[in-house]
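Grab a coffee and open the viewer. Below are some short exercises, each with a solution worked through step by step.

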Amino acid sequence: DQTLNSWEARADANSFYGFTDLPTIKERGTTVLTHGKGAYVYDVHGREFLDANSGLWNMVAGFDHPGLIAAAKAQYDRFPGYHAFFGRMSDQTVMLSEKLVEVSPFARGKVFYTNSGSEANDTMVKMLWFLGGAEGKPQRRKILTRTNGYHGVTAVSASMTGKPYNSVFGLPLDGFIHLSCPHYWRFGKDGETETQFTARMAAELEETILREGADTIAGFFAEPVMGAGGVIPPSAGYFQAVQPILKKYGIPLIADEVITGFGRTGATWGCQTYDFIPDAIISSKNLTAGFFPMGAVILGPELTDRLQAAADAIEEFPHGFTASGHPVGCAIALKAIDVVMNEGLAENVRTLTPLFEEGLKRLSEKKNIGEWRGKGLMGALEAVADKDTKRPFDGSLSVSERIANACTDQGLICRPLGQAVVLCPPFIFTPSDMDKMFDRLEKALDGVFAEVA
Ligand code: PLP
């Protein structure tokens with residue numbers, strides 16, 4: 001078949017893509033990649049792209065880190081696979097759990113492994129449900145999350161995700177409640193100060209708890225900085241305002257650090273950047289620097305004790321995945337944590353952040369950029385039709401997608417999310433990569449704004 005003579009046609013013929021906006025992808029065409037080097041990836045035609053999104057936020061050490069590849073090879077040679085059921089687990093799993101508790105903000109804790117961030121959130125929800133069931137009390141089942149929060153795609157984690165597209169699946173499931181998105185620039189009312197806005201977010205939380213009944217609510221999940229919602233840092237004082245309310249009603253606060261963990265926001269954890277200690281942390285993505293699919297639930301002391309007691313009461317926690325605590329994944333994660341924390345990558349995030357912010361700020365002066373925002377090395381530029389009124393472009397123009405497509409033409413991969421263009425560079429970025437990224441993005445912005453504005 002002549003129509004199937006290219007890699008792109010073969011991809012389109014046999015791969016059913018997820019999260020692909022068909023009209024804009026059709027316009028741009030599929031890109032088939034063969035390899036990566038540093039922060040760059042290459043396609044079947046030898047074209048080079050600077051990946052300013054670290055793959056899917058996760059390839060923080062770049063695409064060819066020799067230490068990570070060596071760790072993977074060594075572990076494949078030694079013990080290429082095992083599970084963590086029936087009281088057996090690999091030595092790598094033991095060492096990674098020790099390391100994760102050590103680098104967590106918790107004085108002590110326990111770790112449970114999954115294959116993805118979605119499954120880690122799913123697991124955490126099941127743990128919270130399990131508490132009531134195994135303690136012989138009425139279950140607290142409702143889960144609180146926020147509009148624009150992203151927590152994954154399994155039936156439960158998609159229910160937690162606060163995006164309208166879930167309705168085509170008939171989701172959310174019952175009992176998943178989405179609070180407001182704490183994005184002051186977009187959702188602050190006329191004349192409302194940021195402090196008042198944060199107080200309104202907290203009041204909404206308490207009203208919701210009282211309306212639903214505190215003893216029906218199992219937990220509150222939040223990303224320290226919303227990622228797939230469009231890189232949305234919380235309004236000032238947000239976590240300091242909501243945490244005391246959650247404590248008052250005995251509702252655990254779970255930090256979904258799938259993107260913000262391991263240095264992305266400057267500190268090891270996003271919760272440290274925003275100065276709060278949650279009851280548990282959800283980790284994935286940069287946990288293995290994207291070199292292995294793996295997620296983890298890291299429980300703080302109180303949930304550790306309650307879950308252990310609940311499991312002891314029925315002599316089991318009946319949950320786990322075949323590849324939970326996979327030895328190769330654990331060996332890679334141990335190396336990734338070492339590379340990020342001890343080989344200068346986390347430090348590089350802190351060093352590059354002022355340069356990153358400067359670039360975002362500079363581009364935000366353009367007529368059709370309403371806001372720049374970000375924390376550490378995750379940032380966004382929000383496109384607007386009118387800067388003064390913050391009026392967005394007509395959605396049918398797909399402005400952010402056109403910008404992302406124009407970036408691809410310039411050899412830059414970035415991500416359109418809503419009306420924002422998102423940048424989340426790998427931690428190995430150099431100042432020269434940073435310049436290249438902003439130059440290419442500026443060309444793309446100018447080209448698209450000239451067409452639509
Ligand atoms: N939680 C957050 C904050 C995420 O950003 C993501 C993925 O982007 C997930 C959970 C889901 O992770 P996964 O795609 O590995 O299932």
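**Exercise 1: a valine in a helix**

Val-339 lies in helix 13, which covers residues 327-342. Keep in mind that this is a predicted model.

Task: work out whether Val-339 is buried or exposed.

Solution.
- Step 1. Count the other C-beta atoms within 10 Å of Val-339: there are 22.
- Step 2. Hold that against the cut-off: a residue is buried if 20 or more other C-beta atoms lie within 10 Å of its own. Val-339 is therefore buried.
- Step 3. Look at who sits around Val-339. Once you set aside neighbours within four places in sequence, its contacts are Ala-61, His-65, Gly-67, Leu-68, Ala-289 and Leu-345.
- Step 4. Try one distance for yourself. Going C-alpha to C-alpha, Val-339 and Gly-263 are 11 Å apart in space, with their positions 76 residues apart in sequence.

**Exercise 2: two domains and their contact**

Task: find which residue ranges make up domain 1 and domain 2, and describe the side of domain 1 that touches domain 2.

Solution.
- Step 1. Start with the bounds. The domain assignment gives 2-64 + 346-452 for domain 1 and 68-342 for domain 2.
- Step 2. Get the spacing: the centres of the two domains, taken over C-alpha atoms, are 27 Å apart.
- Step 3. Count the residues in the contact. Domain 1 puts in 24 residues and domain 2 puts in 23.
- Step 4. Map the domain 1 side onto its elements. At least two residues each come from helix 3 (54-57), helix 14 (345-364), strand 11 (369-375), strand 12 (378-383) and strand 15 (420-423).
- Step 5. Sort that side by class: 13 residues are nonpolar, 7 polar and 4 charged.

**Exercise 3: strand 12 and its partners**

Task: say how many residues of strand 12 are buried, and which strands pair with strand 12.

Solution.
- Step 1. Check burial. In strand 12, 6 of the 6 residues are buried.
- Step 2. Split them by face. In a regular strand, side chains alternate between the two faces of the sheet. Here Met-378, Ala-380 and Glu-382 are on one side, with Gly-379, Leu-381 and Ala-383 on the other.
- Step 3. Take the first partner. Strand 11 runs antiparallel to strand 12, and 6 bridges join them. Ile-369 has Ala-383 as its bridge partner in strand 12.
- Step 4. Look at the turn. Strands 11 and 12 form a hairpin with 2 residues between them, and Gly-376 in that turn has a positive phi of about 55°.
- Step 5. Now the other partner. Strand 15 pairs with strand 12 over 4 bridges, again in the antiparallel sense. Glu-382 stands opposite Ala-420 of strand 15.

**Exercise 4: a helix that packs on strand 12**

Task: explain why helix 15 (residues 399-409) counts as largely enclosed.

Solution.
- Step 1. Tally the burial: 8 of the 11 residues are buried, so helix 15 is largely enclosed by the rest of the structure.
- Step 2. Name them: Val-399, Ser-400, Glu-401, Arg-402, Ile-403, Ala-404, Ala-406 and Cys-407.
- Step 3. See what they pack against. The list includes strand 12, strand 15 and helix 16 (431-452).
- Step 4. Step past the end of the helix. Gly-411 follows helix 15 and has a positive phi, near 85°.

**Exercise 5: strand 5 and a β-α-β unit**

Task: find out which strands run parallel to strand 5 (residues 142-146), and which unit it helps to make.

Solution.
- Step 1. Burial comes first again: 5 of the 5 residues in strand 5 are buried. Lys-142, Leu-144 and Arg-146 take one side, and Ile-143 and Thr-145 the other.
- Step 2. Strand 7 (residues 217-222) runs parallel to strand 5, joined by 3 bridges. Ile-143 is partnered there by Gly-219.
- Step 3. Strand 6 (residues 176-179) is also parallel to strand 5, with 4 bridges. Thr-145 has His-178 as its partner.
- Step 4. Add helix 7 (residues 155-160): together with strands 5 and 6, this helix makes a right-handed β-α-β unit.

**Exercise 6: around the ligand**

Task: describe the residues that surround the ligand.

Solution.
- Step 1. There are 14 of them, and the closest are Ser-116, Gly-117, Ser-118, Gly-152 and Val-258.
- Step 2. By class, the shell holds 4 nonpolar, 8 polar and 2 charged residues.
- Step 3. Helix 6 (residues 117-134) gives the most to this shell, with 3 residues.

How values were computed
Residues are numbered from 1 along each chain as its sequence is written. This is a predicted model: local features need pLDDT of at least 70, side-chain atom pairs count only at pLDDT 80 or more; totals for chains, interfaces and linings use all residues. A residue is near a molecule or strand if its C-beta atom, placed from the backbone, lies within 6 Å of it. Ala, Val, Leu, Ile, Met, Phe, Trp, Tyr, Cys and Pro count as nonpolar, Asp, Glu, Lys and Arg as charged, and the others, Gly among them, as polar. Domain bounds come from an automatic or database domain assignment. Two residues are in contact if their C-beta atoms, placed from the backbone, lie within 7 Å. A residue is buried if 20 or more other C-beta atoms lie within 10 Å of its own, exposed if 12 or fewer, and partly exposed in between; C-beta atoms are placed from the backbone. Two strands pair if DSSP finds at least two bridges between them. A crossover is right-handed if, with the strands pointing away from the viewer, the path from the first strand over the helix to the second runs clockwise.
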